[in-house]
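Thanks for coming, everyone. Please have the viewer open in front of you. I'll take this piece by piece.

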Amino acid sequence: MEHIHAALQKAKQQRGSDPANDQTATTVARMGSDMLWASLPSLKPDPKHLAKTRLVTINRSDLAHTQFDMLRTKVLQYLRQNNWTSVAITSPTPACGKTVVGLNLAFSMAHHKECRTVLIDLDLRRPQVSKVLGIKEPPSIESFLRGRSEVEDVFIRYGDNIAIGANGRPVRFAAELLQSPEAAQALKSLKQKLKPDVLIFDLPPMLANDDVMAFLPNVDCVILVAAAEASTFSEVDICERDLSEKSKVLGVVLNKCRYAPEKYGY
């Protein structure tokens, strides 16, 4: 990728205030991004494993994908209206299904061919993305966040417009890493290189540790995932209040419902 970076640097030096040069720099940057996307290793998940882990938006064989498509449309509208690009997914406690919700949302967005989506597993103490996708021997997100690995060393691609940053090993001092200058620079580099239209962060459960609050300044908005018959109103209320102080809460997704809405008389 060295020749791409050299071309970008040359374009910046020549740009000045000339609109034509501005357009040239933009074109070169886009070409570099396209080449990097094409060079990412390809993800080929096992359909049986995806069905087992409830990833329903990849092949849309399950009618449940329509709920995620509706969520996708609402999220994209909010992002575009506010000129936002990043959204975090969290939950009050573990086992609410936030990772499955985040991945289904990402793969639903991927059906918009003009929308490039990147999802990164930042639940550093308890990474789940690789397990849900069935990725064997995933790389270390910690290495990427510390600046020891490049984007192309860590991220994998599904199709033409979705990239996944899975994590293979838990991180001990997660909150400190998420607040570090090295992590901020790594994420800045990710945005510059891949130029995603949507960047989804799979964050830890809020009430388990301080990792979410440490990372919130880096995101535009948040979705809170609650589990039916498990998450309490008190937990959801506490999380919503804390999140709203640091970011914009798009809403609460009620996950793991055993009954259709009509069962409740809605």
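I'll start with the whole chain, then go through two helices, a helix packing, some aromatic pairs and two backbone angles.

One caution first. This is a predicted model. Please keep that in mind throughout.

So, the overall picture. The chain has 12 helices and seven strands. It runs to 266 residues, and 48% of them count as buried. Now take the contacts with a separation of 6 or more. Of those, 80% are between residues 24 or more positions apart.

Next, helix α4. Find residues 65-82. That is 18 residues, spanning 26 Å from first C-alpha to last. The expected value, at 1.5 Å a residue, is 26 Å, and the model comes close to that.

Which residues of α4 are buried? The list is H65, F68, D69, L71, R72, V75, L76 and L79. Look down the axis of α4. The buried residues fall within an arc of 160°, so they line one face of the helix. Now turn to the other side of α4. There you find Q67, K74 and Q81, and these are exposed.

What covers the buried residues of α4? Several elements do, including strand β1 at 86-90 and helix α5 at 98-109. Strands are on the list too: β5 at 198-202, β6 at 221-227 and β7 at 248-255. And just after α4 comes N83, with a positive phi near 60°.

Let's stay with α4 and bring in α5. Two packed helices are described by the angle between their axes and the distance between the axes. For α4 and α5, the angle is about 75° and the axes are 9 Å apart. The range for roughly perpendicular is 65 to 115 degrees, so α4 is roughly perpendicular to α5.

Who meets whom here? From α4, it is F68, D69, L71, R72, V75 and L76. From α5, it is V101, N104, L105, S108 and M109. Go back to the buried list of α4 for a moment: F68, D69, L71, R72, V75 and L76 are on it.

Now the second helix, α12. Look at residues 233-246. α12 has 14 residues and reaches 20 Å from first C-alpha to last. Again the span is close to what is expected at 1.5 Å a residue, which is 20 Å.

The buried residues of α12 are V236, C239 and L243. They cover an arc of only 70° around the axis, which puts them on the same side of α12. The face turned away from that buried side carries F233 and E245, both exposed. Among the elements covering the buried residues of α12 are β1, α11 at 211-215, β6 and β7. You have met some of these names already: β1, β6 and β7 also help cover the buried residues of α4.

On to the aromatics. How many aromatic pairs are there? The count is three. I'll show you two of them.

First up, F107 and Y158. This pair is edge-to-face, with 5.4 Å centre to centre and 85° between the planes. F107 sits in helix α5, and Y158 in strand β3, residues 156-158. They are 51 residues apart in sequence, so the pair ties together separate parts of the chain. Are these rings buried or exposed? F107 is buried, at 2% relative accessible area. Y158 counts as partly exposed, at 26%.

Then F144 and F155. This pair is edge-to-face too, at 5.5 Å centre to centre and 80° between the planes. F144 is in helix α7, residues 141-145. F155 is in the loop between α8, at 151-154, and β3. The two are 11 residues apart. F144 counts as buried, at 2% relative accessibility. F155 counts as buried as well, at 0%.

Last topic, two backbone angles in loops. E137 has a positive phi near 55°, and it is not a glycine. Where is E137? It lies in the loop between α6, at 129-133, and α7. E137 is exposed, with a relative accessible area of 79%.

The other residue is E229. Its phi is also positive, about 65°, and E229 is not a glycine either. You'll find E229 in the loop between β6 and α12. E229 is exposed, with 59% relative accessible area.

That's my tour. Over to you.

Note on methods. Residues numbered from 1 in each chain as written. Predicted model: local features only at pLDDT ≥ 70, side-chain atom pairs only at ≥ 80, totals over all residues. Heavy atoms only, no water. Helix = DSSP H or I, 4+ residues; strand = E, 2+ residues; numbered from the N terminus. Expected span 1.5 Å × (residues − 1). Buried < 20%, exposed > 50% of the residue type's maximum accessible area, 1.4 Å probe, protein only. Arc of directions from axis to C-beta. Contact = heavy atoms within 4.5 Å. Phe/Tyr/Trp six-rings, centres within 6.5 Å; stacked < 30°, edge-to-face > 60°. Axes fitted to C-alpha atoms, helices over the stretch in contact; angles between N-to-C directions. Parallel < 35°, antiparallel > 145°, perpendicular 65-115°, else oblique.
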